[in-house]
Amino acid sequence: MHDHLVGIGLRSPHLFQFIDEKPNIGWVEVHSENYLSLGGNDFEALLQIRKNYPISLHGIGMSLGSSSGVCHKHLSQLEDLIKDIDPFMISDHLSWSVNNGIFLPDLLPTPFNDESLEVFSRNISETQNRLKRQILLENPSTYFEFTESTYSEAEFLNILLTKTGAGMLLDVNNVYISSLNNGFSASQYIDDINPNFIKEIHVSGHSVKKVSENDALYIDSHDSKVSAPVWNLYKKSICKFGKVPSMIEWDVNIPKLSVILSEADKIKTYMDNATSKQDEPSQEVVCA
Amino acid sequence: MPRQSKMNQVKRWFVHNLVTIQEDLQDSILGINAKLESIKQHGNITSSQRIKIHSDTVFENFINSLKITYPGIWKLIGENCAKGAALAYSHDTNNLVSNSEIRDFGENFPEFLKEFESVKHLKYLKDYATLEWLRYRSYQAPNVQIAKLQNIQSAFEHSCIGSYKISFNKSAFFLKSEYPLIDIQSLLDNPDSGNISLKKQESFVAICRVHKKVETLFTEKQIWIFLRALSEGKTIGTAMEIFTQDNVSNQISKAIGLMLEKQMISKITK
């Protein structure tokens, strides 16, 4: 019923199988940085897939939180990719990766204060002006918070998205693991986000890393099926934000395509169930 | 310690602007200098344990990236040694790149291997790594229009063919080595085929992407010099000077045949 809203993160090992089998899925998301050369077999495959599916370009390299600003060359490469793919959404993260011209391949956290707000606002506005369209910002997975933060993450995002007109890509797994790593309520986080901003939702698996006898950190590893608490948070999210395009991310120990598609089927089921409950006014919608 | 410097230190302790925070975090992740005072304490988990999650991710991603680009090197020197080399390579900030150049990460790895203590006795390693780097570049090269056979044929029928130049497909690269790279390749393709000969024996290699697949072509010396000269922008006439008079037409036919078969020519111009 909601097939058109459900997508998967499509990765290199599945590109050609995907073309052959044309699975019943509404859209796919790919990592922009893997296609910036506009060449090679994977890019050819992507162009072929684009003929039959809407594509969302999800970035890990814009580094929108860099105090040194956004990289114009990177933006120019992205602009060329957008011309070829015509994506229905473009997203990146509330994070930074570049400092002093060095790119670290990770999504690094930022303090939530006025200075960061100014830096993100400037970089996001410049990006949106250059690309001539709205971008979505994904909430990060965090393993620590900064003493310099003066806002909660949800407060920071609400102000930033209001200022810039950007949308939000809500990653419920990131909310879940950050809440456990930093001791805040994931449910409260969902309550605090302004629903008007949510344009896309990610769900994915995580892992747990023991750091001592009694302590563990929750890692945004994208290497397994989605856990029950994350599904619960997803259920709460679609109850609050409505049915927005949602997808499964799986980037490490990538399983068979059929496994990823069956995880995506669960998204359909959650959406269908939420609909049936909402369609029957006598039934209370349980969002908790 | 001078008073001003001491004051700066005190100031730095209390005022952490974003530039400083990002510099400190980057240094901590790269293991240059751990400055962790900005990290909020929560529970029993230390700031170092929290930062280590990012360090592990960063170096794992660097290593995986090199492993993808240099699969043959991984087999030749073994997983542990290759990981050690990749880790040492990634720790040198001179080898790191900006976000717009992320596809260039690993470009200096062949040169690095030449000097890396545990493998520097393997003299052929640098050249084989260069071969893998060029294959990676070839795979990623932008798609370009291939010259039409008709245009190429009509150019070659022209009396001034010697003044024509050939623009190569961007996936075409040329490599010369003092070592028998073809033997190393055979060993990697078929591990039971024998040992690698360390004897110096020149290799002349052309790498190009044909029908969506990167091919490695081991060519004759003269043909390689001819192709290489053309790729450097020399005219066909100048490039032809490599061939001796008695075999010129035969060698040119071979070279042109190879360029056509492997779709190397994107343009032929006067």
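How much area does chain A expose, and what share of it do carbon and sulfur atoms supply? In this predicted model, the exposed area of chain A comes to about 10,900 Å², and carbon and sulfur atoms supply 49% of that area. For chain B, the exposed area is about 14,300 Å², again with 49% coming from carbon and sulfur atoms.

Chain A is built from nine helices and twelve strands. Its radius of gyration is 19 Å, which agrees with the value near 19 Å that a compact globule of 288 residues would have. Taken along the principal axes, the box filled by the C-alpha atoms of chain A is roughly 50 × 45 × 45 Å. Buried residues account for 60% of the 288 in this chain. Looking at contacts in chain A with a separation of 6 or more, 78% of them join residues 24 or more positions apart. As for charge, chain A carries 23 positive and 38 negative side chains, and the centres of these two sets sit 5 Å apart.

Turning to chain B, the count is twelve helices and five strands. What radius of gyration does chain B have, set against that of a compact globule of 270 residues? The globule would come out near 18 Å, but chain B has 25 Å. The C-alpha box of chain B, again along the principal axes, is roughly 80 × 45 × 35 Å. Some 44% of its 270 residues count as buried. Among contacts in chain B with a separation of 6 or more, residues 24 or more positions apart make up 66%. Chain B has 34 positive and 28 negative charges, and the mean positions of the two groups are 5 Å apart.

Then there are the cysteines. A disulfide is a covalent bond between the sulfur atoms of two cysteines. How many disulfides does the structure hold over all chains? The tally is zero. Two cysteines can still be placed by their accessibility. A:Cys239 has a relative accessibility of 17%, so this residue counts as buried, the cut-off being under 20%. B:Cys81, at 23%, counts as partly exposed because its value falls between 20% and 50%.

A closer look at single residues starts with A:Thr164, found in helix α5 of chain A, which covers residues 153–164. Is A:Thr164 buried or exposed? With a relative accessibility of 12%, A:Thr164 counts as buried. Setting aside neighbours within four places in sequence, A:Thr164 touches A:Ser121, A:Ile124, A:Ser125 and A:Gln128. A:Phe120 is 44 residues away from A:Thr164 along the chain, and the C-alpha atoms of the two are separated by 9.0 Å.

In chain B, B:Leu25 belongs to helix α2, residues 18–30. Its relative accessibility is 5%, so B:Leu25 counts as buried. Which residues are in contact with B:Leu25, leaving aside its neighbours within four places in sequence? The list includes B:Ile51 from chain B, along with A:Trp96, A:Leu108, A:Pro109, A:Phe144 and A:Phe146 from chain A. B:Leu25 therefore is a buried residue with contacts in both chains. B:Lys83 lies 58 residues from B:Leu25 along the chain, with 24 Å between the C-alpha atoms of the pair.

Terms used:
Residues numbered from 1 in each chain as written. Chains lettered and ligands numbered in written order. Predicted model: local features only at pLDDT ≥ 70, side-chain atom pairs only at ≥ 80, totals over all residues. Heavy atoms only, no water. Helix = DSSP H or I, 4+ residues; strand = E, 2+ residues; numbered from the N terminus. Rg over C-alpha atoms; globule rule 2.2 N^0.38 Å. Buried < 20%, exposed > 50% of the residue type's maximum accessible area, 1.4 Å probe, protein only. Contact = heavy atoms within 4.5 Å. Areas by Shrake-Rupley, 256 points an atom, 1.4 Å probe, with all protein chains shown as cover. Lys, Arg positive; Asp, Glu negative; His and termini not counted. Charge placed at Lys NZ, Arg CZ, Asp CG, Glu CD. Disulfide = S-S within 2.5 Å.
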